[in-house]
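Got the viewer open? Let's take a walk through this structure, one selection at a time.

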Amino acid sequence: MTTTVSPPQARPESETQVRQNWSERLAPYAYIAPFFLIFAIFGLVPLLFTFYVALFDWNPIGEHVFVGFDNFTRLLGDTRFWNAAWNTISIWLLSTVPQLLVALLLAHLLNHARLRLALFWRMSMLVPYITSVAATTIVFAQMFDRDYGLLNWLLGLVGVGPIDFLQSGWGSHTMIAVMVAWRWFGYTTLLYLASLQAVPRTIYEAAAVDGAGAWKQFRHISIPSLRPVIVFTIVTSTIGGLQIFTEPLLVTTTSPLTCGPVRQCQTLTLFLYEQGFGQFQFGYGSAIGVALFVLIIAIASLNYVLSTRIRPERG
């Protein structure tokens, strides 16, 4: 005689259990929903509207004439656009590369175990970040002044004649890049330092016992440990550097929108502002904004791909 044992049947969930399961599944989406809602209102909608306006000859108080891609065609043949693009990339490179390198070295030094008054030095890194941009611009404009500037006085001590930084392309780019780098290097240093603080001190002590000097510890321990933060700062510096606006706007008093009589330091955001709100060509200004958006996405993606290739060295 054989006995057939039937498998146990799953008990149907009660209505309360079903409701509780759905609540647990939906709860994470409810928590993050406010951010995406605010982003959609203040970020995504203006972005899509900019793309839309770029297709029109847009009069804010008159007609909106559809012109298709004419604004973009005009942009490609506009020498002022290419001049602004070159100025933007030049200032971005001159400010970002030294800033990240200096921040990397400072973070390594501030992480040293025998550093006296470590908290004071670390907190002082925030001073440039909390200083007003206008105050920073006034101070650096005085330092780079042709007739009474500190820099020209120092150059005069070694026999170099006065340089009019503001009237030349490379001089104005250098001056603005120094202002940007000075403002942000402390913030970047603290980001690197916070990441280095998570590295166990025993690793540095073991490396010192094995004979590794400060340079080898920096190269083989600090840099590989900072890889995710380095990628983050490179991408954010790219986005912020290509949107630089305030420093070139404040550095000249006679022609702030063009940043000089021959547009020697006019950036893309300044060119956008001049066309959109200075000459009320909102369609053309929107096309500049779209071009800037594409440029930022392209360079940020390239930087991300290159920086993620930083691998810790073995051995």
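Start by selecting tryptophan 121, which is partly exposed, with a relative accessible area of 40%. Keep in mind as you look around that this is a predicted model. Now add phenylalanine 120 to the selection: its ring and the ring of tryptophan 121 have centres 5.1 Å apart and planes at 70 degrees, and since an angle over 60 degrees counts as edge-to-face, that is what this pair is called. Both residues fall in the stretch 119–144, one of those that UniProt, in an unreviewed entry, labels "transmembrane region".

How many aromatic pairs does the structure hold? There are 24. For another one, pick phenylalanine 56 and phenylalanine 66: here the ring centres are 5.4 Å apart and the planes sit at 75 degrees, so this pair is edge-to-face. Phenylalanine 56 belongs to strand E1 (residues 56–58) and phenylalanine 66 to strand E2 (residues 64–66), with their positions 10 residues apart in the chain. Is each ring's residue buried or exposed? Phenylalanine 56 counts as buried, because its relative accessibility is 10%, while phenylalanine 66 comes out exposed at 55%. Widen the selection to Phe49, Tyr52 and Trp58 as well, and you have one aromatic cluster together with Phe56 and Phe66.

Next, go to the largest pocket. It offers about 550 Å³ of space, and 22 residues line it. To find the middle, select Leu47, Thr50, Leu272, Gly289 and Val290, the lining residues that lie nearest the centre. Helix H1 (15–53), helix H13 (268–278) and helix H14 (282–307) are the elements giving two or more residues to this lining. Which one has the largest share? That's H14, with 8 residues. Colour the lining by residue type and you'll get 14 nonpolar and 8 polar residues, with no charged ones.

While H14 is on screen, highlight residues 282–306. UniProt's unreviewed entry places a "transmembrane region" there, and in the model this span is 100% helix, with its end C-alpha atoms 36 Å apart. Compare it with residues 84–107, also on the UniProt list: that span is 100% helix too, and its end C-alpha atoms lie 34 Å apart.

Now step to the loop between H13 and H14, where you'll find phenylalanine 280. Its phi is positive, about 55 degrees, although it is not a glycine. Phenylalanine 280 is exposed, with a relative accessible area of 54%. A second residue of this kind is arginine 263, in the loop between helix H12 (246–251) and H13. The phi of arginine 263 is near 60 degrees, again positive in a residue other than glycine, but this residue counts as buried at 18% relative accessibility.

Another arginine to click is arginine 74, in helix H2 (residues 70–76). Leaving aside residues up to four places away in sequence, arginine 74 touches Arg80, Gln275, Gln281 and Tyr284. It is partly exposed, at 37%. Try a distance from there to serine 301: C-alpha to C-alpha you should get 27 Å, for two residues 227 apart in sequence.

Last stop: aspartate 164, in the loop between helix H7 (150–157) and helix H8 (169–196). Aspartate 164 counts as partly exposed at 28% relative accessibility. Its C-alpha is 8.1 Å from that of phenylalanine 144, a residue 20 places away in sequence.

Methods. Residues numbered from 1 in each chain as written. Predicted model: local features only at pLDDT ≥ 70, side-chain atom pairs only at ≥ 80, totals over all residues. Heavy atoms only, no water. 1 Å grid on protein atoms, 1.4 Å probe; cavity = no way out; pocket = protein on both sides within 12 Å on 5 of 7 lines; lining within 4 Å. Points joined across faces, edges and corners; volume = space filled by probe spheres on them. Helix = DSSP H or I, 4+ residues; strand = E, 2+ residues; numbered from the N terminus. Nonpolar A, V, L, I, M, F, W, Y, C, P; charged D, E, K, R; others polar. UniProt positions renumbered as here; feature names shortened; annotations may be inferred. Buried < 20%, exposed > 50% of the residue type's maximum accessible area, 1.4 Å probe, protein only. Contact = heavy atoms within 4.5 Å. Phe/Tyr/Trp six-rings, centres within 6.5 Å; stacked < 30°, edge-to-face > 60°.
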